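Me: I have a predicted model open and would like a close look at one part of it. Could you take me through the second largest pocket and its surroundings?

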Amino acid sequence: MVEWPASVQPLFVGATLLWSGGIKCAGASARRAAQRSALRSLVGEARAPIAYRLVGAAELALAAALLLPPVYAGEAVAAAVLATGFLAYLAYARVVAPGSSCGCMSARPMPVTWRGFARATLILAAALLGTRAGPWWDAATGHPWAAGATLLGEVAALVALSPEADRRWLYPLRRLRVRLRHPLADRSFDMPLESSLQQLLGSTAYRQVSGLLRSGLRETWDEEDVRVLCYTAEYEGRLATAVFAVPLRHYRPEEIRVALVDESAESTLLVLDGA
């Protein structure tokens, strides 16, 4: 008899690796993601894109093994080993290169946070459970409702733990909350500074550069529908000014942008789109 909770795990893990590996092997964006990731300090800047794509190729190969017949127990074991490697890499990135991007499931800059660790743990747990699996297609046909509910719950957990997917579900929910009850929904008065800071601290743009900031808020001014907030930062050994552009009369943290500017040289060092 097929144990359906275990048997659907290769389908979940395989689909996840298919997504992750495809991102890592996709064109010029993959190269940029590799150079922003902790691989840069782990294997060197020149070899980071190659290592990034090799990891992606390994994920794609393992995804094919998990999703296609025949079924071998070693496939799930290999997935568990890979998930353990993900956890070790995240720990390395957090300690050695805290300002680096995760580079896990998107080419967009994403800092390493507790959500990344939780996501890797979810994949590891699913892979370990999958070592007891029979063919996932037997579970899908023998227990379609139970298998579907299990997969739906796991996919929901994966999406909730993936900052890369926030703009698809979390940001629309936040905008809905604003329309219903957030004080920023009332645009008839001047926005207090505290409201802009609240929006900034909850944004992806702020999380991307928070490890580079070296001061509290230095100055601020309003330009039409944007509030500019400035902090002192340090980027690649150079002092810079982090300039955040925050929507003034809307709660849209995904639209916050940040630029690191070297005022002494009158040059822009880095520009990031927080979405």
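Reply: Happy to. A pocket here is an open set of grid points with protein on both sides within 12 Å along at least five of seven lines, and its lining residues have an atom within 4 Å of a point. With that in hand, the second largest pocket of this predicted model is lined by 22 residues, and Lys24, Glu59, Phe86, Tyr89 and Cys104 are the ones that lie nearest its centre. Two or more lining residues come from each of helix 2 (9-24), helix 5 (48-67), helix 6 (73-96) and helix 7 (114-130). The space in this pocket is about 330 Å³. By class, its lining divides into 13 nonpolar, six polar and three charged residues.

Helix 6 deserves a longer look, since with five residues it gives the most to that lining. Its 24 residues should span 34 Å at 1.5 Å a residue, and the end C-alpha atoms are 35 Å apart, which agrees. The buried residues of helix 6 are Glu75, Ala76, Ala79, Ala80, Ala83, Phe86, Leu87, Tyr89, Leu90 and Ala93. An α-helix has 3.6 residues a turn, so residues three or four places apart point the same way. Against what do the buried residues of helix 6 pack? Their partners are helix 2, helix 4, helix 5 and helix 7. Phe86 and Tyr89 link the two views: both are among the residues nearest the centre of the pocket, and both are buried in helix 6.

Just ahead of this helix, the loop between helix 5 and helix 6 holds Pro70. The peptide bond from Pro69 to Pro70 is cis, with omega near 0°. That is worth a glance in your viewer, as most peptide bonds are trans.

Now to Cys104, which also lies nearest the pocket centre along with the residues named above. Cys104 forms a disulfide with Cys102, the two sulfur atoms being 1.9 Å apart. A disulfide is a covalent bond between the sulfur atoms of two cysteines. The dihedral about the S-S bond is -80°, making the link of Cys102 and Cys104 left-handed. Are these two cysteines buried or exposed? Cys102 is buried, with a relative accessible area of 5%, and Cys104 also counts as buried, at 16%.

What about other cysteines? The count of disulfides comes to one. The closest cysteine sulfur to that of Cys25 is in Cys104, but at 15 Å it is too far for a bond, because a disulfide needs the sulfur atoms within 2.5 Å. Cys25 counts as partly exposed, at 32% relative accessibility. Cys230, by contrast, is buried, with a relative accessible area of 2%.

To set the scene around this part, the largest pocket has a volume of about 750 Å³. Its lining has 30 residues, with Arg36, Gly99, Ser100, Ser101 and Gln208 nearest its centre. There, helix 12 (204-209) gives the most to the lining, with three residues. The class split of that lining is twelve nonpolar, eleven polar and seven charged residues.

Methods:
Residues numbered from 1 in each chain as written. Predicted model: local features only at pLDDT ≥ 70, side-chain atom pairs only at ≥ 80, totals over all residues. Heavy atoms only, no water. 1 Å grid on protein atoms, 1.4 Å probe; cavity = no way out; pocket = protein on both sides within 12 Å on 5 of 7 lines; lining within 4 Å. Points joined across faces, edges and corners; volume = space filled by probe spheres on them. Helix = DSSP H or I, 4+ residues; strand = E, 2+ residues; numbered from the N terminus. Nonpolar A, V, L, I, M, F, W, Y, C, P; charged D, E, K, R; others polar. Expected span 1.5 Å × (residues − 1). Buried < 20%, exposed > 50% of the residue type's maximum accessible area, 1.4 Å probe, protein only. Contact = heavy atoms within 4.5 Å.
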